[in-house]
Amino acid sequence: MTAVTRAHGCHVPDVEANVGDDSTLGLTLSGGGAYGAAHVGVLQELGKRGIRPGIVAGTSSGALVAAAYAADVALEAIERAALAFRWSSIARMSLTPRLGLLDSGAVTDAIHRTLGADPLIEELPRRFAAVATDLRTRKPVVIDEGPLNVALRATIAVPGLLPPVRRRGQVLADGGMVDNVPVSAARHLGASTVIVVRLHAKWENVRMMRVASSAAELEQDPSIVLIQPEMTGLAQWSMADVPRLIAEGRRAARQVLDAR
């Protein structure tokens, strides 16, 4: 797997993990635009079975869902948010368009509406990391400390569309450019077993998007449980298919978990 550059040294949060969480079980949620709604269905199926990862990492839209889970937002509320989601929820027209056509400041507003504040990542009930790309080094950066809004604005910052985020001397943009399925991030947080949700997206073949490991490599790793919702025929950039995407996430997770 691709090496991951740490944004800082390893840090173990002082907050107590949720009772019942498995502190060695990780959950990795890949990016994929509106396809990210499928992650909600996966979470629902995991919850139904009492499977509770204590570590969660994500890239781009996967990081948005992962953050809600890490903050212990109720699954019903996460589903409602997905069904009501519009791109204006995370972006609005920029006052400095040279940095990006849109402004990701709406992410901070959404965090405040949902959580009542902009928490530090290390204070979340579950271990969380978002993966971004350092535009200067072209390497992935794991953000698992500091304000949640910074991590989320960085991981979704598609170049030319949303402005990059400056953090600790780094210029950060969408993590999908270097690691759209950030298994390594979950490993660095301490996961020995990782449930990986890899969205089937044709755009992963586009030069801008990269995955560190192929589906075949993930399937061959005994410490990985690979869930791959089928996206064929579903809309990636409109919200019209969100209910179907959520249902497909449940179906794909059920199929894999029943087979184990």
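Helices here are DSSP runs of H or I, at least four residues long, numbered from the N terminus. This is a predicted model, where local features need pLDDT of at least 70, side-chain atom pairs count only at pLDDT 80 or more, and totals for chains, interfaces and linings use all residues. Residues are numbered from 1 along each chain as its sequence is written, and side-chain values use heavy atoms, leaving out hydrogens and water.

**Around α4 and α5**
- Helix α4 covers residues 105-115, and its buried residues (under 20% relative accessible area, 1.4 Å probe, protein chains only) include Gly105, Ala106, Val107, Thr108, Ala110 and Ile111.
- Right after α4 comes Gly116, with a positive phi of about 85°.
- Asn149 sits in helix α5, residues 148-155.
- Asn149 has a relative accessible area of 10%, so it counts as buried.
- Setting aside neighbours within four places in sequence, Asn149 is in contact (heavy atoms within 4.5 Å) with Thr108, Ile111 and Asp118.

**How α1 packs on α8**
- Helix α1 (residues 38-48) packs against helix α8 (residues 242-258) at about 45°, with the axes (lines fitted to C-alpha atoms over the stretch in contact, angles running from 0 to 180 degrees between N-to-C directions) 6 Å apart.
- That makes α1 oblique to α8 (not under 35 degrees, over 145, or 65 to 115).
- On the α1 side, the residues meeting α8 include Val40, Val42 and Leu46, while the α8 side includes Leu245, Ile246 and Leu257.
- The contact of α1 with α8 divides into 8 nonpolar residues (Ala, Val, Leu, Ile, Met, Phe, Trp, Tyr, Cys and Pro), 3 charged (Asp, Glu, Lys and Arg) and 3 polar (the others, Gly among them).

Note on methods:
Helices (H or I, at least four residues) and strands (E, at least two) are DSSP runs, numbered from the N terminus. Buried means under 20% relative accessible area, exposed over 50%, partly exposed in between (1.4 Å probe, protein chains only).
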